Structure formats: structure tokens, C-alpha cells
Amino acid sequence: MLLFSSILNSSISLGGNLTMVDLPGITRVPVHGQPESIYDQIKDIIMEYIRPEESIILNVLSVTVDFTTCESIRMSQSLDKTGLRTLAVVTKADKSSEGLLEKVTADDVNIGLGYVCVRNRIGDESYEEARIEEERLFESHPMLSKIDKSIVGVPVLAQRLVQVQGMIISKTLPEIVKKINEKLTYNLSELDKLPVNLTCVADAMTAFMHIIGLSKESLRKILLRREFDEYPDEKNMHCTARELLCLASQSLALLF
């Protein structure tokens, strides 16, 4: 499975600004000293990367795979239920052409953005040579030539990715801008509440107590009820009252 987030630094020229992440293949049986939890570790990595709404999920499937039992498809469907950011690429079309037309037109597994069939580069072929051979394959092969030209070839794949990227950007950008503005407004508001100059210990203590007052509910949750839901990833906030007072003393000392 590959993931594209807002690419490509590879041999495919997309004309866009995407970043490709090549996610690991799913392994169920540990080999060569791999931990027993290897499946769960890989699954967690994959799910972490494909979860963001601005990411394009690119399911890379070998032509010989049974799409209806493919676990990477199941994972992507669990997070992208509508399929609006999931595209499947069927590789090695030249190795097993039988039944491919039916697979990509029936869409039994409901890939939202559909399929693109490609021919892999072979041996020392250059990118340009591989594309010429790919075009010849889908033009002349008795079975592959029946597949609609709008879903075959690496150039088609590149164009599809750019189109999907534009769609996702137009959908997510307004919300991103909104969150940035809200955060900026909040931080400016907090900044305005602080005194302009701290010239003595008394001023510093006044400012400190003012900050404590603004944060008293959060402090109650952290220090009295030991609830850290406001700061789940900031381990330095998971402290006791004594540790907080020490930290405050150190902060005051730095002011003078």
C-alpha cells in the first residue's frame, strides 16, 4: 500500500506537490526474528498514515490477488468508508491478463476512485521505454486492449492523483485555515492578558497568579483528579502539585 499526502519525488512526473509514503506490506507470520506482534505493529503504522482526511490511499494490488479478500482494501475501507480518497493500482497486468477486465469493471469491493492498470518496468528499461511498452501492451494485447484507456497506464495514474489531490485540498483547506485563525486569535488573546513588563518579583508573582487563575480548572483536573485528557501527549503536564511548584519556581527564577 502506498499513501500520498499533499508527491512525487520519484520517476513519475505529476506536476503537483505530493509526498509519497511507501507503507510496509502486511505480515501475519513472524520470520527471521521478527516479534510476535509484527502484524499489530505494521497495522498500527498503516492506520496512522491513512487516517488523515487529506491523504490519498493508493492500494497497490498484484493482478493475481483476490481483491475480495485483500486486507489492505479492508483497512482503507475502515477509514475511508465513502472511498473518496482511495484509488487501486493493479500491477503486473502483463503477467496474468485473464479475468482482469472483469475485476476492474465489476468492482466487487467498491473502490471509491476505481482502478488503474499498469505494466511494471522490466530489467534495465528506462522510464520512457517502459511507458512505450506499456502503451503497446494495452493497445495490442487481445484481452488487455479491451480495458478502457481511461484506466490504464502510469501517465493516467499520475493525472488521476493530481486530480484527487486538487479535490482533497479544496475540501480540507477551508477547515485548516479556520483552525489556524482560531488558534492565532486565542494565542493573541492570551498574549494581551499578560503584563507588558515584569520589573520586579512582585510583578512576576502577580502575573503568575493571574495565569494560575486562568488555568485553575485545568489544574484541578491535573493535580486533584489526575485527569490528563487536555494534554494526552504532553507528558510534562502529567505531574504532581509538588512538581508543578518546583517548575513554577524555576520559571520565576529565569525572569530575573
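1. In this predicted model, Arg131 forms a salt bridge with Glu134, and the closest N and O atoms of the two side chains are 3.0 Å apart. Both residues belong to helix α4, which covers residues 127–140, and they stand 3 residues apart, about one turn of the helix. Arg131 is buried, and Glu134 is buried as well.

2. Helix α4 carries another such pair, since Arg136 forms a salt bridge with Glu133, with the closest N and O atoms 2.5 Å apart. Arg136 and Glu133 are 3 residues apart in helix α4, so about one helical turn separates them. Arg136 has a relative accessible area of 45% and therefore counts as partly exposed, because that class lies between 20% and 50%. Glu133, with a relative accessible area of 30%, is also partly exposed.

3. A salt bridge is found in helix α2 too, where Glu71 pairs with Arg74 and the closest N and O atoms are 3.0 Å apart. These two residues both lie in that helix, 3 residues apart, or about one turn. Their surroundings can be described separately: Glu71 is buried, because its relative accessible area of 15% falls under 20%, whereas Arg74, at 43% relative accessibility, is partly exposed. Across the whole structure, the search finds 4 salt bridges, among them the pair Glu71 and Arg74.

4. Turning to the aromatic residues, how many aromatic pairs does the structure hold? The structure holds 1 aromatic pair. The ring centres of Phe67 and Tyr115 are 5.5 Å apart and the ring planes meet at 20°, so this pair is stacked. The pair links distant parts of the chain, with Phe67 in the loop between β3 (56–62) and α2 (71–79) and Tyr115 in strand β5 (residues 115–117), 48 residues apart. Phe67 and Tyr115 are both buried.

5. Phe67 has a further partner to consider, as the charged end of Lys103 sits over the ring of Phe67, at 4.6 Å from the ring centre.

6. Tyr115 also leads to the nonpolar interior, where the largest nonpolar core has 20 residues, and Val90, Leu100, Tyr115 and Cys117 touch the most other members. The elements that give two or more residues to this core are β4 (86–91), α3 (100–106), β5 and α4. In soluble globular proteins, nonpolar side chains tend to be buried together.

7. Which residues does Leu100 touch, not counting those up to four places away in sequence? Leu100 touches Val63, Val90, Ala93, Cys117, Leu144 and Ile147. Apart from the core discussed above, there is a second, separate core of 12 residues, which includes Val116, Val118, Val154 and Leu157.

8. For the overall picture, the protein has 8 helices and 5 strands, and when read along the sequence these elements follow the pattern β-β-α-β-α-β-α-β-α-α-α-α-α. Of the 256 residues in the protein, 32% are buried. The protein exposes about 16,100 Å², and carbon and sulfur atoms supply 56% of that area.

Note on methods:
Residues numbered from 1 in each chain as written. Predicted model: local features only at pLDDT ≥ 70, side-chain atom pairs only at ≥ 80, totals over all residues. Heavy atoms only, no water. Phe/Tyr/Trp six-rings, centres within 6.5 Å; stacked < 30°, edge-to-face > 60°. Helix = DSSP H or I, 4+ residues; strand = E, 2+ residues; numbered from the N terminus. Buried < 20%, exposed > 50% of the residue type's maximum accessible area, 1.4 Å probe, protein only. Lys NZ or Arg CZ within 6 Å of the ring centre and 35° of its normal. Core = buried A, V, L, I, M, F, W, Y, C linked by side-chain atoms within 4.5 Å. Contact = heavy atoms within 4.5 Å. Areas by Shrake-Rupley, 256 points an atom, 1.4 Å probe, with all protein chains shown as cover.
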